[in-house]
Amino acid sequence: MQNLVSLPSIPQMGVNPLSNPARSVKVTTMAVVESVEALVQLSGVKMAMVVGHNEGSTKGGGNFIYQPEGPGLRIGGWIFQPGQTVTPYHFGALESGWDQDSGDALQKFFDFCATPDSRDYSIYGGGSFGTSIPLVAEGLNHVYGFDLAIQALASMDDVLTAKNCRSSVWMGKIIIRVSQHRTLSRRTGVNGFRIDDSRAAKFCDFSVSAGSGWAVYFGAGNNNMSTVGNVSAVDMGASTRDSREHKVVSIDYQNDERNTLWQSTTITLSPSSVFPSDAHQMERAFWVSAAGEPYKIRSFNRENHTITVYPMVPDAEQLLEEHQLVYGGGVCCYSGGHTAKGRIGHVYPMRSGIGLWLTGQSSANVDGYTGQFNGIDIALGANPENAFGGSFISSVYFEAARVADLVFVNQVSSFSYGSLFGSSASLDTDKWWSLGYKRTNTPPRQGGLQRFPIAFMNDGTLWEPGGGRELSYDNARYVASASSPTSYHAQPTRNTTEIYLTANREVERFRGVSPIVFHLYGQRGANGSYHRAMPVTCEEGYTINGKEGPLLIENRNAPVTLYALLESGNNWIVTLSEHQIL
């Protein structure tokens, strides 16, 4: 049943019909109907007010104009009058909450948001809805408001994907419940929000829970300069905690034994072991040894039931037993998704796998990080041989991480400019791990060079840890730079070891030139004497004490300290002090 009211067809601005009753006013009839179903059956009127999309509802309604052709949000021959607010209810979303399926209506809502017609309306994605299908917001390039809660009602890899949303602006907050259960073994969904090819987009806040993967992660395409608001992640991924753990059984180990970053161990898993799907981004995950040490998963082979990890697993840790996997979690800025110069708001994961993973030569910066009860709080760098340009995290807080507060994966100095943590609380650097390469007999928690190019405030002082070395720091070539303010030390065991002096004029213009101080302790012979002479070399075009290199340091019966200063020309002044053994 419809109600009819009479309205002026054109608003008479500034005219009072009571003061001029003789003047005629053209009147049109507006119908009032209960639902869009009644609207499509309406005839004989030009305008209609719909109370609600469905009969008995007051949501998804508004003013409609009969106009069989033309752009806009349409119901049959009727167009939703521009200037009004469009919501998921206008596409049939249910009001009964997120336990009922409104997936098709939500997808239609996102599809409309991508059309040019959507700019004639205010877009408000508000309400709580369930979905049995993955949702894709593709081609959204305008401004949108959200106060949206979505629950996945079926198994899916990504609940919501933003694709080709370049330069779009999303305001407000989106809540995503990836599964209906928080226990890891009962979670049916993987990831919350995926970002693909959305350069310079500004996304809203996200609160994501109950998934076996990532709350927010960057996938394919160009996502440079994109922004994500604050991200809350609760019960995401595998963290090694009870009911949130994922164990596999290791039944064989095969080492690719090299004293380089290309070493690895291939671990065969038992046939009963379940390895997570590709949607979990398992090349951004860790295998945890019996000693509690994290090893990055470099690759996996489902047919052979193997995983390959870095660094090489020493013999003492190659136990045939259950081991934990740590994967998924809060935010993953994978460099394959190109997240250069991006920005993330405050990330606060709880009871999740990995709180934050940053990669890339120009990684995203983060407003803050607060982690509680996660497996690993922060991972930096994609692989040991890849460039990681560093990041700025304005504040950090770590609490009760199960495996590590921080894992520094990147192990090369090229393009690794360093990271800066602003205000810090609850720092325990003993729970920081740097994945240097190992040997078969390396004891737990020891390796080669420990790289931590991270500066942070501690007790009112800016700490700039240069990375500790184990006592027996051995290398074929020690590279010493004229622009480095740190001293070096070595205990070489090789007969071919050399000290290589380098200069970088561009860096020296900024940092100046510092004397190189190199402490040399031998291991062979009595009182630290050397087995044979050690050469000091330099770059082509440079000299040492006015002569072409190398300069030989003869074997001595005591440790020595080498000093090297680069003059204004290209000559190194090299001197030596011999120490007395007490």
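Colleague: What makes Arg182, Asp235, Arg244 and Arg351 a network?

Modeller: The four residues Arg182, Asp235, Arg244 and Arg351 are linked by salt bridges. A salt bridge is a side-chain nitrogen of Lys or Arg within 4 Å of a carboxyl oxygen of Asp or Glu. This is a predicted model, in which local features need pLDDT of at least 70 and side-chain atom pairs count only at pLDDT 80 or more, while totals for chains, interfaces and linings use all residues. Residues are numbered from 1 along each chain as its sequence is written, and side-chain values use heavy atoms, with hydrogens and water left out.

Colleague: Why is aspartate 235 called buried or exposed?

Modeller: Buried means under 20% relative accessible area, exposed over 50%, and partly exposed in between, with a 1.4 Å probe and protein chains only. Aspartate 235 has a relative accessibility of 0%, and therefore counts as buried. Its place is in strand β17 (residues 231-236). Helices (H or I, at least four residues) and strands (E, at least two) are DSSP runs, numbered from the N terminus.

Colleague: Why is arginine 351 given its class of accessibility?

Modeller: Arginine 351 has a relative accessibility of 23%, so it counts as partly exposed. This arginine lies in the loop between β25 (343-350) and β26 (354-358).

Colleague: What is notable about phi in these two network members, aspartate 235 and arginine 351?

Modeller: Aspartate 235 has a positive phi of about 55° although it is not a glycine. In arginine 351, also a residue other than glycine, phi is positive and near 55°.

Colleague: How do you know that aspartate 278 and arginine 302 form a salt bridge?

Modeller: The closest N and O atoms of aspartate 278 and arginine 302 are 2.8 Å apart. That distance is within 4 Å, so the pair qualifies. Aspartate 278 belongs to the loop between β19 (264-269) and β20 (286-288), and arginine 302 to the loop between β21 (294-301) and β22 (306-310); the pair therefore ties together parts that are 24 residues apart in sequence. With a relative accessibility of 37%, arginine 302 counts as partly exposed.

Colleague: What makes glutamate 293 and lysine 438 a salt bridge?

Modeller: Their side chains meet at 2.4 Å, N to O, and this value again falls within 4 Å. Glutamate 293 is in the loop between β20 and β21, and lysine 438 is in the loop between β32 (432-434) and β33 (454-458), so the pair ties together parts that are 145 residues apart in sequence. Glutamate 293 and lysine 438 are both buried.

Colleague: How do you know that lysine 247 and glutamate 322 belong in this class as well?

Modeller: The closest N and O atoms of lysine 247 and glutamate 322 are 3.7 Å apart, which is within 4 Å. Lysine 247 lies in strand β18 (residues 246-256) and glutamate 322 in strand β23 (residues 322-326), 75 residues apart. Lysine 247 is partly exposed at 40%, and glutamate 322 is partly exposed at 48%.

Colleague: How many salt bridges does the whole structure hold?

Modeller: The search finds 12.

Colleague: What makes a group of residues a nonpolar core?

Modeller: A nonpolar core is a set of buried Ala, Val, Leu, Ile, Met, Phe, Trp, Tyr and Cys residues joined through side-chain atoms within 4.5 Å. The largest core has 81 residues, of which Trp170, Phe193, Phe203 and Phe206 touch the most other members. Helix α2 (residues 103-113) gives the largest share of this core, 6 residues. Apart from it lies another core of 23 residues, including Ala480 and Trp572. In soluble globular proteins, nonpolar side chains tend to be buried together.

Colleague: Which residues does tryptophan 170 touch?

Modeller: Contact means heavy atoms within 4.5 Å. Beyond four places in sequence, the residues that tryptophan 170 touches include Ala137, Tyr144, Phe193 and Phe203.

Colleague: Where are the cis peptide bonds that involve proline 311 and proline 550?

Modeller: One joins tyrosine 310 and proline 311, with omega about -5°, and proline 311 lies in the loop between β22 and β23. Another joins glycine 549 and proline 550, with omega about 5°.
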